[in-house]
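The following note is offered to a colleague who is beginning to read protein structures. Please keep the sequence and the model in view while working through the points.

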Amino acid sequence: MASEDENSTTHVLVVDDDARLRRLLQRYLKENGFRVTGASSAAEARQALGFMLPDALVLDVTMPGEDGLELTRSLRGQGLDIPILLLTARGEAEDRITGLEAGADDYLGKPFEPRELLLRLKAHLRKHAPPPPSDNLRIVRLGALEFDPSRGILSGPDGVVHLTGGEAALLAVLSRRPNEVLSREEIANALDMTEIGERAVDVQVTRLRRRIEADPREPRYVHTLRGKGYMLKPGI
């Protein structure tokens, strides 16, 4: 496992079995102000996560043993809600959708420009950061759950419900215009998903419903309006 740069504050864990690419990414991210830890496998990544929590994870998909998709699903299942960016030689749209369904925030096909990775990484870190307080955003009631759009926090009787950055961003977008129909295009633009496509919005909606709906197949709060888009209907 590679050593860390102690001078910066935002910590990124880079996981890739390609030692050359891993070193290049580590050096590039360090040059741009990040603290970086490297791991060559999912097992090494799990070892690192056992004693530190990074701010973001850059993860190769095709690795021996546990691959990047399996690791992403596992970490999301454990409640890890930091940005996860997947890297893979398979760059087709369906592969990107598979990555999002696994719980990733973004998906870059190899080869890619390091600057593009840097820009996307920064964008997702901003998205995961708590938004500034606003007096214009009210608490949204979703049955026993409450969502605070100003902080991006969903809470219930048992405490905070962990959302990924993408899920919180989607719920915030819908909460700002309750009882209004938002097209997939509008939502994709708000979530910076236009490059991946509007189907990525459907994936995020499916993930969000699993968090807030008693029966995601019969949603009470996030409604689909065929041919038009989605609408949030708050209520008790």
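How many bridges join strand β10 to strand β11, and do these strands run parallel or antiparallel? The first point takes this up, and the later ones move to other parts of the chain.

1. **The β10 and β11 hairpin.** Please note at the outset that the model is a predicted one. Strand β10 covers residues 222-225 and strand β11 covers residues 229-232; they are joined by four bridges and run antiparallel. One of the pairings places T224 opposite Y230 of β11. Three residues lie between the two strands, which form a hairpin, and in the turn G227 has a positive phi of about 80°.

2. **Division into domains.** The protein chain is split into domain 1, residues 11-128, and domain 2, residues 140-232. Taken over C-alpha atoms, the centres of domain 1 and domain 2 are 24 Å apart. Contacts between them involve 16 residues of domain 1 and 13 residues of domain 2.

3. **Strand β3 and its partners.** β3 (residues 56-60) pairs with strand β1 (residues 11-15) in the parallel sense, over four bridges. Within this pairing, V12 has A56 of β3 as its bridge partner. β3 is also joined by four bridges to strand β4 (residues 84-88), and these two run parallel. Here L57 is matched with I84 of β4.

4. **The two faces of β3.** In a regular strand, side chains alternate between the two faces of the sheet. In β3, A56, V58 and D60 point one way, L57 and L59 point the other way, and all are buried. Because five of the five residues of β3 are buried, the strand is largely enclosed by the rest of the structure.

5. **Residue D60.** Is D60 buried or exposed? Its relative accessible area is 1%; as this is under the 20% limit for a buried residue, D60 counts as buried. Setting aside residues up to four places away in sequence, D60 touches V15, D16, D17, G68, L87, T88 and K110. An unreviewed UniProt entry lists D60 for "modified residue: 4-aspartylphosphate". That statement comes from the record, and such annotations may be inferred rather than shown by experiment.

6. **Residue D105.** D105 sits in the loop between α4 (93-102) and β5 (106-109). Although placed in a loop, D105 is buried, with a relative accessible area of 6%. The side chains of D105 and R76 are joined by a polar contact of 2.7 Å. Apart from neighbours within four places in sequence, the residues in contact with D105 are R76, I82, P83, I84, L100, H124, H128, G165 and G166.

7. **A cis peptide bond and helix α5.** Most residues other than glycine have a negative phi, and most peptide bonds are trans. The peptide bond from K110 to P111, however, is cis, with omega near -5°. P111 belongs to the loop between β5 and α5. Helix α5 itself (residues 114-128) has 15 residues and reaches 21 Å from its first C-alpha to its last, close to the 21 Å expected at 1.5 Å a residue. Its buried residues are L117, L118, R120, L121, H124 and L125.

8. **Helix α6.** α6 covers residues 165-176. What separates the end C-alpha atoms of α6, and what span should its twelve residues have? The end atoms are 17 Å apart, while a rise of 1.5 Å a residue gives an expected span of 16 Å, so the two values agree. The helix is mostly covered, since eleven of its twelve residues are buried. Among these buried residues are G165 and G166, both of which are also in contact with D105.

9. **Residue V173 and the loop after α6.** V173 lies in helix α6 and counts as buried, at 17% relative accessibility. Leaving out neighbours within four places in sequence, V173 is in contact with L182, A190 and L191. V173 and A190 are 17 residues apart in sequence, yet their C-alpha atoms are 7.2 Å apart in space. In the loop between α6 and α7 (184-190) lies N179. The phi of N179 is near 65°, a positive value in a residue other than glycine.

Terms used:
Residues are numbered from 1 along each chain as its sequence is written. This is a predicted model: local features need pLDDT of at least 70, side-chain atom pairs count only at pLDDT 80 or more; totals for chains, interfaces and linings use all residues. Side-chain values use heavy atoms; hydrogens and water are left out. Buried means under 20% relative accessible area, exposed over 50%, partly exposed in between (1.4 Å probe, protein chains only). A polar contact is a pair of N or O atoms within 3.5 Å; within protein, one must be able to donate a hydrogen and the other to accept it, and residues adjacent in sequence count only if both atoms are side-chain atoms. Contact means heavy atoms within 4.5 Å. Two strands pair if DSSP finds at least two bridges between them. The expected span of a helix is 1.5 Å times one less than its number of residues. Domain bounds come from an automatic or database domain assignment.
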